[in-house]
Amino acid sequence: MKWYTYLICFILIVVGVFCGIELYREVKAESYVNGSIDISNKFSQESFNYSSTSVVFYHDLYDDTDTYSFEKDLLKVEDFNGEKKEYKVILNDYVLIGSEINAGSVFSVVNMDFYDTNGNIVCNSTMKISIQFLSNKTQLTLVTTGQESASFLEQYFSDNGIRLRVIEIL
Amino acid sequence: MKTLKVIGNCCFVFLAIIGLCVSLAYGYYHFFVKDITTGTNYIDNQIALDIVASDDLTEEQKNEFEERYFMEANFFSNAKNNGIALQELKFNYFTDYSLSSNAYRSTGMQYLGDLKQSDLVITETTEQEAQRYESSAFSYYDTTNGVSWEGNKLRTQLNRESAFTIKIDNRAFQIQLTGTYEWTTYKRSWWSLWLYNQPITNILYYNYLNVFADCMEAIRTNNQGYGDYYITVDLSEYFTIREYDMSSGKYKEDNVTDIIKNYSVLKFHYDENGARNSTQSLFGIIDCNPSYDIVEEEIDTTYWQERMVYTLDEDDFSYRYSDVYQGYFFSLNMDTKKMFDEMPRAKVNINIDLNSQYFKDKNITVVGLDYNAFEGFEIDTLTIKGNTQKIYLLKKSLYDTQLQTFKYSNGLTFDIAQNAINNEYSEVVL
């Protein structure tokens, strides 16, 4: 055989090996699915439960009532019914007694005293909580009066986070 | 010897013929027989395997760790013009294939403003300059525990060389930005007397700026509007996913499957407001400043302790009728006491108005505080309002209450049992 015959044979063998591997891989290849995603339950919640690491109050520049508010649209709650069921409202492990539970809404008032290192009260904050259970979403509103009150509450929520729950009493 | 050479040559030719046949078979199969195969990767929650399997954690603790999606975004649109526009994107991943909570790591990018896809200029890049490119328009942050974030140099770089370990089906995979965008332009060639338009292929190597802008566009166009929601985004154009092969210890790219789709959950917060301070950031930092706030005159909010103030009134108590005193004694019921036992920082005030509508409706005449009415229950201020009347404080009614202030109406007089109360308090006559 001539030298180029060897070369051609060698090339054919190498190409054959390569094509053989590729052929094997392509023949063996199958469609596959890795993992799954299910976010269908992320568009509503069975009971109201809001948690966050902070709360920031906004003040409308054109509002002269010194009102500072935090508003948030949340997932709709499936079966809230204040007329037929009893609920309790819990903010950061504090049960908010005296909450007004209506057919589709909850109102609470929170009073919080902040003490300095000498045990003196440096700020007395009052915050109104309103939760409206609407057909497509839940509206949470926190309102306080005065910049000092808003600032202390922001600091409190920054330190402790906020965990607000409306729990059905069975 | 000659015979051996002939045999060798024959074998060599035989192998070459087999090689040719295999090549032809491959060509035939590849171009005429082969069916399309698709691979789909779904990137869901990235909770560590040890947390999912842990028996030590309560359900509540597990709920705290419940959500850790590969991509999380924060978008303050500032539509109300009450802050600054802020956009953030965070990637949650693992540092190794163990997929344990010890291998948690998150890296994020932050943009001050409202970046739109249309703001990006499509220009050709070389692979070399694209590989390590990181847009300087962003601030970048890194964390292992999700609490303490840091920026600057000693963090994970968000460029095309970064490969993150993620969890799919409780198995380790690697995800890396490898996508490109190609387009063709035409150039007239002098050698054809400017008659021939020579096609030139341009390549844009995607970087994280492109991913970021697309994610923000997806959030901006979501049908739910403002709020906290989840969407599934198609990352196939940008990212390549490689599965970890346990036997070889290597991440292997799938280059056989014809169509590979990569989907990921994008959890986002889309806000109508502008961002006001750094606590609203996913990283607790805005513009590399952990104390960022648009309010110039900040109030000193340093405090030692907070106490939730409760005011209990008529309808929060139990009442017992006494034939001897011809009236009702009130006391704290056990359920209320138990509830406050679980709230040690509660500060409780008690307000009783003897002329209240509640007492009139229930036809209750209060004559005092019952035996052990509030024993062991901390009270800050006790206020009793009424007309001219004697009020009895029976034994241990205010024992161990640490009462600070006792307020009462001018006309009220008190008959206090010897050990009704065991601490000093200030009196205020209303």
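Q: What makes β1(B) and β13(B) paired strands?
A: In this predicted model, six bridges join β1(B) to β13(B), and the two run parallel. Pairing asks for at least two bridges, so six bridges qualify these strands as a pair. One of the matches is I43(B), whose bridge partner in β13(B) is S264(B).

Q: How do you know which face of β1(B) is covered?
A: G39(B), N41(B) and I43(B) form the covered face of β1(B), whereas T38(B), T40(B) and Y42(B) form the uncovered one.

Q: What makes β1(B) a partner of a strand in chain A?
A: Three bridges link β1(B) to strand β1 (residues 32-34) of chain A, again in parallel. The cut-off is at least two bridges, so with three the pair counts across the two chains. N34(A) has N41(B) as its bridge partner, and V33(A) stands opposite T40(B).

Q: What makes up the contact between chain B and chain A?
A: Chain B gives 54 residues to the contact and chain A gives 50. On the side of chain B, the elements that give two or more residues are α1, β1 (38-43), β10 (227-234), β13 (259-271), β14 (305-312) and β17 (346-353). Of these, α1(B) gives the most, with 14 residues. Sorted by class, that side of chain B has 27 nonpolar, 19 polar and eight charged residues.

Q: How do you know that the span of helix α1 of chain B agrees with its number of residues?
A: Helix α1 (residues 2-33) of chain B has 32 residues, which at 1.5 Å a residue should span 46 Å; the end C-alpha atoms lie 44 Å apart, and that agrees.

Q: Why are some residues of α1(B) called buried, and which are they?
A: A residue is called buried because 20 or more other C-beta atoms lie within 10 Å of its own. In α1(B), A16(B), G19(B), V22(B) and Y26(B) are buried. Residues three or four places apart on an α-helix point the same way, because there are 3.6 residues a turn. The cover over the buried residues of α1(B) includes α1 (3-28) of chain A.

Q: What makes the span of α5 of chain B fit the expected one?
A: Helix α5 (residues 208-220) of chain B has 13 residues, and from its first C-alpha to its last it reaches 18 Å, close to the 18 Å expected at 1.5 Å a residue. Its buried residues are Y208(B), N210(B), V211(B), F212(B), C215(B), M216(B) and I219(B). They pack against β2 (71-76), β3 (86-94), β4 (104-112), β7 (171-177), β10 and β13 of chain B.

Q: How do you know whether chain B is compact or spread out?
A: Chain B has seven helices and 23 strands. Its radius of gyration is 37 Å, well over the 22 Å that the globule rule gives for 430 residues, so chain B is more spread out than a compact globule. Along the principal axes, its C-alpha atoms fill a box of roughly 130 × 60 × 40 Å. Buried residues make up 29% of its 430 residues. Of its contacts with a separation of 6 or more, 66% join residues 24 or more positions apart.

Q: Where do the domains of chain B fall?
A: Chain B is divided into domain 1 (1-34), domain 2 (39-280) and domain 3 (308-429). The C-alpha centres of domain 2 and domain 3 of chain B are 61 Å apart.

Q: What makes β21 of chain B a partner of both β19 and β23?
A: Strand β19 (residues 381-385) of chain B is joined by four bridges to β21 (residues 405-408) of chain B, and they run parallel. Four bridges also join β21(B) to β23 (residues 426-429) of chain B, again parallel. With a threshold of at least two bridges, both pairs therefore qualify. L382(B) is matched with F406(B) in β21(B), and Y408(B) with V429(B) in β23(B).

Q: Why do β3 and β7 of chain A stand at the edges of their sheet?
A: The order of this open sheet of four strands is β3-β12-β6-β7 (chain A), with antiparallel pairing. β3 (49-52) and β7 (94-95) of chain A each have a single partner strand, so one side of each is left without a neighbour in the sheet. For β3(A), four bridges make an antiparallel link to strand β12 (residues 162-168) of chain A, where N49(A) stands opposite R165(A).

Terms used: Residues are numbered from 1 along each chain as its sequence is written. Chains are lettered from A and ligands numbered from 1 in the order in which they are written. This is a predicted model: local features need pLDDT of at least 70, side-chain atom pairs count only at pLDDT 80 or more; totals for chains, interfaces and linings use all residues. The expected span of a helix is 1.5 Å times one less than its number of residues. A residue is buried if 20 or more other C-beta atoms lie within 10 Å of its own, exposed if 12 or fewer, and partly exposed in between; C-beta atoms are placed from the backbone. Two residues are in contact if their C-beta atoms, placed from the backbone, lie within 7 Å. Domain bounds come from an automatic or database domain assignment. Ala, Val, Leu, Ile, Met, Phe, Trp, Tyr, Cys and Pro count as nonpolar, Asp, Glu, Lys and Arg as charged, and the others, Gly among them, as polar. The radius of gyration is taken over C-alpha atoms; the globule rule is 2.2 Å times the number of residues to the power 0.38.
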